[in-house]
Amino acid sequence: MNHELISQICFAEIYVVPPHQTARSLFTRLPHGMAYADTLIECIATGYLIAVVESICIKEMQQHIDAEIEVVVGRSIRIEHRAPIPPGAAIRVSGWVEQVGRRSTMFCIRAFDDDELVCEGQVTLVAADRESIESRIVAKINGLQRSASSPQELGTS
């Protein structure tokens, strides 16, 4: 991770909200949201807004890591979704690096539509050791496969 170059990151991007990223559309596909999805509004789901903001920050940070040995992963995201953003609306997402640690970077972000501030917050990303993350994932997958192939223990009384 190149600390000096990362500390200088500043960006401004335009994102147009597609129709499939509304709260209603997202919650229709979630088991716990299906029952009430049709009561939600046709504006970007907060989850999608978080993903958009995180993806922009990751893209910026990836330019300053060694992708063969590091992978950018999220550590924390604190977003205030302040206003509705309908499909088709363009939002201007801007951000800058506020703090750089040994392996982490904290971005401050803001997003505006044509009328107002619609989102602001912080995204903290980590340049993690790729091999370590991949081996942890493999171990978890192996554990899931073992659990699926062995009979479940039931408690006895």
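The nonpolar core, one of its helices, a loop residue and the aromatic pairs of the structure are described below.

The structure is a predicted model, in which local features require pLDDT of at least 70 and side-chain atom pairs count only at pLDDT 80 or more, while totals for chains, interfaces and linings use all residues. Residues are numbered from 1 along each chain as its sequence is written, and side-chain values use heavy atoms, with hydrogens and water left out.

The largest nonpolar core (a set of buried Ala, Val, Leu, Ile, Met, Phe, Trp, Tyr and Cys residues joined through side-chain atoms within 4.5 Å) comprises 34 residues. Buried denotes under 20% relative accessible area, exposed over 50%, and partly exposed the range in between, with a 1.4 Å probe and protein chains only. Phe 11, Met 61, Ile 85, Phe 107 and Leu 125 have the most contacts inside this core. At least two core residues each are supplied by strand 1 (10–16), helix 2 (23–28), helix 3 (46–62), strand 3 (90–100), strand 4 (104–112) and strand 5 (117–129); helices (H or I, at least four residues) and strands (E, at least two) are DSSP runs numbered from the N terminus. Helix 3 provides the largest share, eight residues.

Helix 3 consists of 17 residues and spans 24 Å from its first C-alpha to its last, close to the expected 24 Å, where the expected span is 1.5 Å times one less than the number of residues. Its buried residues are Tyr 48, Leu 49, Val 52, Val 53, Ile 56, Cys 57, Ile 58, Glu 60 and Met 61. Gln 21, in the loop between strand 1 and helix 2, is also buried, at 10% relative accessibility. Beyond its neighbours within four places in sequence, Gln 21 is in contact (heavy atoms within 4.5 Å) with Tyr 15, Cys 43, Ile 44, Ala 45, Tyr 48 and Val 52.

Rings of Phe, Tyr and Trp (its six-membered ring) pair if their centres lie within 6.5 Å, and planes under 30 degrees apart count as stacked, over 60 as edge-to-face and the rest as tilted. Two aromatic pairs result from this rule. The ring centres of Phe 11 and Phe 107 are 6.3 Å apart with planes at 55°, so this pair is tilted. Phe 11 in strand 1 and Phe 107 in strand 4 are 96 residues apart, and the pair links distant parts of the chain. Both residues are buried. The rings of Phe 27 and Tyr 36 also form a tilted pair, with centres 5.9 Å apart and planes at 50°. Phe 27 is partly exposed at 25% relative accessible area, as is Tyr 36 at 36%.
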